[in-house]
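Trainee: I've got a model open and would like to go through it with you. Can we start from one residue and work outwards?

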Amino acid sequence: MCGIVGLFLKDRTLEPRLGEMLSEMLITMTDRGPDSAGIAIYGNPRSGQMKFTVQSGDPDRDFPALSTRIEQEIGSNASVQIKSSHCVIGVDKAQTDQLRTILQHFAPSVRLMSSGEAIEIYKETGLPKHVVERFSVKAMSGSHGIGHTRMATESAVTTLGAHPFSTGADQCLVHNGSLSNHNNMRRELKRQGMAFETENDSEVAAAYLTAEMAEGNNLGKALNNAIQDLDGFFTFVVGTKSGFGVLRDPIACKPAVMAETDRYVAFGSEYRALVSLPDIENAHVWEPEPATVYFWDHATAA
């Protein structure tokens, strides 16, 4: 019984409030998952730059050394912003391979949470309120984001096991449910070259969508294919650089509710996650249908 939230902003004037609104939605879902929590925020990308969000179990040791190495190897073009156990590193796109080499060889205990032009992921064990405060999420702005509070069923309670899972640039997924064919799917995806950090079935779902989009499918098409290829009980909320998608399995036993106005689209595991949103009393509110893809994309909006 996990809690999921998502918010896709149509109205750009709401973007400075994205972190605040998404945080309140997630905190409302605390009793659905006390083990760990996380949020993905899609901010405005900077032309020609990539962001890498990394996490350390010993940030006081790892991050100063990492910052020094980045300054020595890459120089002043790189930016390093430390936020508690996480660190956001910005580099020119041409320097991404250089940064990955630094992370691999000089910071092996640092774990990559996300990479891309727009995405930042913050996740840790503990309650949503504490995770949100720890990383100052309420002060963050952006165009869309998703969040998750977890009650572990398939794997250990760890930072890496927390959601969202990101397995591709500017891609992430949160999941409520359980996949029954995740072991077979993991083996197949490994044959295709996908790498895994955990045994969590939700990471398999994220990797499946990454592999599908690598074939040229957009998020909507990838989610449609998932209906045929992924077995189990699930509700997915997924983010890409410009897109936001929702999918429930054909039985749809996991709770879900959506709301849409001319200013935003919102998702919550329960309606109470949505009640503080602007003008919610006039929103179109519905329960997403089983085996039906719901998909919005800023890149294709009129």
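**A walk through the model**

Mentor: Let's begin with His-144, which is buried at a relative accessible area of 1% (buried is under 20%, exposed over 50%, partly exposed in between, with a 1.4 Å probe and protein chains only). Keep in mind that this is a predicted model, where local features need pLDDT of at least 70, side-chain atom pairs count only at pLDDT 80 or more, and totals for chains, interfaces and linings use all residues. Residues are numbered from 1 along each chain as its sequence is written, and side-chain values use heavy atoms, with hydrogens and water left out.

Trainee: Which backbone oxygen does the side chain of His-144 reach?
Mentor: His-144 sits in strand S8 (strands are DSSP runs of E, at least two residues; helices are H or I, at least four; both are numbered from the N terminus). Its contacts, meaning heavy atoms within 4.5 Å, include Leu-7, Tyr-42, Ser-242 and His-298, not counting residues up to four places away in sequence. The backbone oxygen reached by the His-144 side chain, at 3.4 Å, is that of Gly-243.

Trainee: Which strands are at the edges of the seven-strand open sheet?
Mentor: The order is S7-S2-S8-S1-S14-S13-S15, with antiparallel pairing; two strands pair if DSSP finds at least two bridges between them. An edge strand here pairs on one side only. That gives S7 (119-125) and S15 (284-286).

Trainee: Which residue in S14 stands opposite Ala-259?
Mentor: S13 and S14 pair in the antiparallel sense over four bridges. Opposite Ala-259, in S14, stands Ala-266.

Trainee: At about what angle does H1 run to S1?
Mentor: H1 lies across S1, S2, S8 and S14. Axes are lines fitted to C-alpha atoms, for helices over the stretch in contact, and angles run from 0 to 180 degrees between N-to-C directions. For H1 against S1 the angle is about 155°.

Trainee: Which element supplies the largest share of the largest nonpolar core?
Mentor: Such a core is a set of buried Ala, Val, Leu, Ile, Met, Phe, Trp, Tyr and Cys residues joined through side-chain atoms within 4.5 Å. This one has 29 residues, and Leu-7, Met-25, Tyr-264, Leu-274 and Leu-277 touch the most other members. Elements supplying at least two residues each include S1 (3-9), H4 (128-134) and S14 (264-268). The largest share, five residues, comes from H1.

Trainee: Which strands stand at the edges of the four-strand open sheet?
Mentor: Its order is S4-S5-S3-S6, again with antiparallel pairing. S3 (residues 49-55) and S5 (residues 86-92) pair over seven bridges, and Lys-51 stands opposite Gly-90 in S5. Each edge strand has a single partner, so one side of each is left without a neighbour in the sheet: these are S4 (79-83) and S6 (111-116).

Trainee: Why is the sulfur of Cys-87 not bonded to that of Cys-172?
Mentor: A disulfide is a pair of cysteine sulfur atoms within 2.5 Å, and the structure holds zero of them. Cys-87 counts as buried, at 1% relative accessibility. The closest cysteine sulfur, in Cys-172, is too far from its own for a bond, at 19 Å.

Trainee: How far from the sulfur of Cys-253 is the nearest cysteine sulfur?
Mentor: Cys-253 is partly exposed, with a relative accessible area of 46%. Cys-253 is in no disulfide either, and the nearest cysteine sulfur, that of Cys-2, is away by 13 Å.

Key. Polar contact = N/O pair within 3.5 Å; in protein donor to acceptor, adjacent residues only side chain to side chain.
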